[in-house]
Amino acid sequence: MKDLIQGMLVAAIEALQAEGRLTIETPVIPQVTRTKDKAHGDFASNIPMVLAKFVQLSPRELAQLIIENTSASDLIEKIEIAGPGFINFYLNSDVQRSVLETIETQGEAYGRSNVGLGQRLQVEFVSANPTGPLHVGHGRGAAYGATLANLLSAVGYEVSREYYVNDAGRQMEILATSVWLRYLELSGEELVFPANGYKGDYVWDIAASLHREHGNSLSHRVQTVFEGVTPDITQGGDKELHIDALIARAKELLTNHYQLVFDLALHTILGDIRNDLEGFAVTYDEWFSESDLMGAGAVENMLKRLEDAGHVYQHEGAKWFRSSAFGDEKDRVLVRENGQTTYFASDIAYHANKLERGFVQIIDIWGADHHGYVPRVRAALQALGYAPERLSVLLVQFANLYRQGEKQQMSTRSGEFVTLRELRKEVGKDAARFFYVMRRCEQHLDFDIDLAKSESADNPVYYVQYAHARVCSIFHQLEQKSLSYEPKNSDLTLLTESHEQDLIVSLVRYPEVLHSAAINREPHQLATYLRELANYLHTYYNAHQFIVEETLLRNARLRLVSATRQVLRNGLILLDVSAPEKM
């Protein structure tokens with residue numbers, strides 16, 4: 001409806017321009033918003049006040065000209081000027097009520113559109129290093145990314161969901177070495193575990209699997225393992241140099257078996273991550289391996305392209321990218337002095353690979369702590385000849401989990417964290433998915449686990465699901481009374497109560513909400529809308545009887561609540577939250 005009114009205003013302004021009565025050099029996109037007070041109509045635009053400064057007319061005079069040149073529409077009952085120059089639009093009540101028939105006809109398709117015109121988008125999200133289980137902080141990125149992908153698909157985009165598996169970096173080598181050291185302990189060796197190793201119970205579990213499979217055949221005396229190794233921080237040394245030396249020693253002593261330990265750690269944790277995400281209703285079209293990217297020579301090819309274009313220079317033995325020439329705050333290292341490429345180099349190659357796969361837009365969903373990383377990636381893409389705006393980065397604040405008022409820790413390295421699996425088992429998939437998308441992604445989220453488990457109106461997901469179940473109960477009561485639901489044997493003009501009008505207007509809004517939530521990348525708009533729709537339903541339920549004696553009124557009210565149930569279900573499906581029939 002907003003698009004229709006906006007189009008009507010644009011057509012009127014263009015007609016005035018063609019007549020020479022309005023001269024504006026730049027294209028005009030009128031802003032159209034829903035009114036908060038029904039006395040001011042259903043929609044309003046401030047376009048006369050925006051344009052008045054460009055013409056020799058007052059806003060009200062210009063508003064009158066625009067109205068006079070606005071084509072009539074059966075959807076609009078009347079148009080009025082209000083205040084200093086607002087244009088208010090009042091919708092036709094009969095047309096609004098027709099939304100019930102539209103919902104009945106379209107069912108699950110109601111609200112969906114072809115705005116995206118089949119354009120190929122890629123959404124990459126979570127992509128946590130496979131060095132440990134997913135914790136509740138990762139859960140927010142998972143819920144946000146999956147819901148955003150659903151929304152974009154709902155408005156016509158062809159969406160590919162991708163997980164980037166960082167399986168070729170130093171963190172994986174730290175994990176593999178941590179597993180081997182725990183394996184040595186299971187083989188009877190006593191050692192001081194490195195401060196920078198991974199300490200979670202999951203490391204013990206992987207080490208136990210390794211020991212069951214190979215016994216002590218991969219074991220070495222602890223004196224041999226630690227001989228000549230740089231002291232750890234607990235011994236007055238350097239924890240980074242210490243763990244790097246242990247990685248090198250593991251490779252030296254295990255030779256070909258090092259890859260066996262590495263692969264066991266990778267595949268065990270990656271398998272757990274896949275299972276966790278599937279249990280969270282998060283699936284991917286592509287699991288993209290960093291090691292495959294490097295094995296295909298993509299990093300070397302990218303470096304050559306940047307070098308050939310003159311964007312790389314050498315300094316103190318390292319190769320640097322001139323990212324400051326493209327808006328970054330400083331230049332960035334691509335190849336260290338020891339010849340090893342940086343994470344940044346791999347990321348450039350990965351993003352170039354994405355664009356080469358034909359996506360018109362790539363959307364990355366990162367943790368908020370990566371905000372400083374955005375300018376350098378865009379700079380690299382621009383240096384490679386890509387339009388930087390083809391990369392959209394959405395930053396998600398990690399959620400803070402509270403149980404009984406106490407904040408829970410979420411450090412992967414220390415092993416002291418609450419896993420996504422534990423959260424899902426405790427509060428359920430539905431509550432977790434809904435809670436994670438209730439606020440803008442860039443806002444902090446305090447996840448109250450006690451509220452998420454409660455069965456009360458204060459729990460937003462319970463409140464929405466209960467609205468759906470309530471409508472189901474109405475139709476169950478209808479069956480118990482041996483009455484039938486006949487939508488065609490109804491008179492929608494009887495829906496005159498204020499609660500009924502609120503529900504109808506809310507149902508009309510759903511396609512607009514879906515469009516806005518997708519285009520603005522704001523899933524919380526849908527969650528907020530569902531809570532409002534549920535509130536209208538509960539208020540209506542508490543104020544009126546539905547199974548009344550008068551057939552035409554009964555069927556009209558049943559059509560209204562049936563349409564409400566359908567829209568609640570449609571929205572919950574996009575959030576990957578169930579719509580129960582009983583609660």
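**Sheet.** I looked up the open sheet first: in this predicted model, five strands pair in parallel in the order 7-6-5-11-12. I noted strand 7 (286-289) and strand 12 (391-396) as the edge strands, each pairing on one side only. Averaged over the sheet and ignoring direction, I found neighbouring strands turned by 25° against each other.

**Strands 5 and 6.** I then examined one pair within the sheet. Strand 5 (residues 120-124) and strand 6 (residues 158-165) run parallel and are joined by five bridges. For leucine 121, I recorded valine 159 as the bridge partner in strand 6.

**Helices on the sheet.** I checked which strands helix 11 (residues 257-279) lies across: strand 6 and strand 7, with the helix running at about 155° to strand 7. I found helix 14 (residues 343-356) across strand 5, strand 6, strand 7, strand 11 (361-367) and strand 12, at about 145° to strand 11.

**Arginine 433.** I located this residue in helix 17 (residues 429-436). Is arginine 433 buried or exposed? I classed arginine 433 as buried because its relative accessible area is 0%, under the 20% cut-off. A polar atom of its side chain lies 3.2 Å from the backbone oxygen of alanine 281. Among the residues that arginine 433 touches, I listed Ala143, Thr147, Phe280, Val282 and Asp576.

**Helices 19 and 22.** I looked up the packing of helix 19 (residues 460-480) with helix 22 (residues 551-574): the angle is about 145° and the axes are 9 Å apart. I recorded the crossing as left-handed. The contact includes Val464, His468 and Phe475 of helix 19, and Arg554, Ser562 and Leu572 of helix 22. I noted its residues as 11 nonpolar, two polar and three charged.

Definitions and conventions. Residues are numbered from 1 along each chain as its sequence is written. This is a predicted model: local features need pLDDT of at least 70, side-chain atom pairs count only at pLDDT 80 or more; totals for chains, interfaces and linings use all residues. Side-chain values use heavy atoms; hydrogens and water are left out. Helices (H or I, at least four residues) and strands (E, at least two) are DSSP runs, numbered from the N terminus. Buried means under 20% relative accessible area, exposed over 50%, partly exposed in between (1.4 Å probe, protein chains only). A polar contact is a pair of N or O atoms within 3.5 Å; within protein, one must be able to donate a hydrogen and the other to accept it, and residues adjacent in sequence count only if both atoms are side-chain atoms. Contact means heavy atoms within 4.5 Å. Axes are lines fitted to C-alpha atoms, for helices over the stretch in contact, and angles run from 0 to 180 degrees between N-to-C directions. A crossing is left-handed if the near helix is turned anticlockwise from the far one by less than a right angle, and right-handed if clockwise. Ala, Val, Leu, Ile, Met, Phe, Trp, Tyr, Cys and Pro count as nonpolar, Asp, Glu, Lys and Arg as charged, and the others, Gly among them, as polar. Two strands pair if DSSP finds at least two bridges between them. Lists of a residue's contacts leave out its neighbours within four places in sequence.
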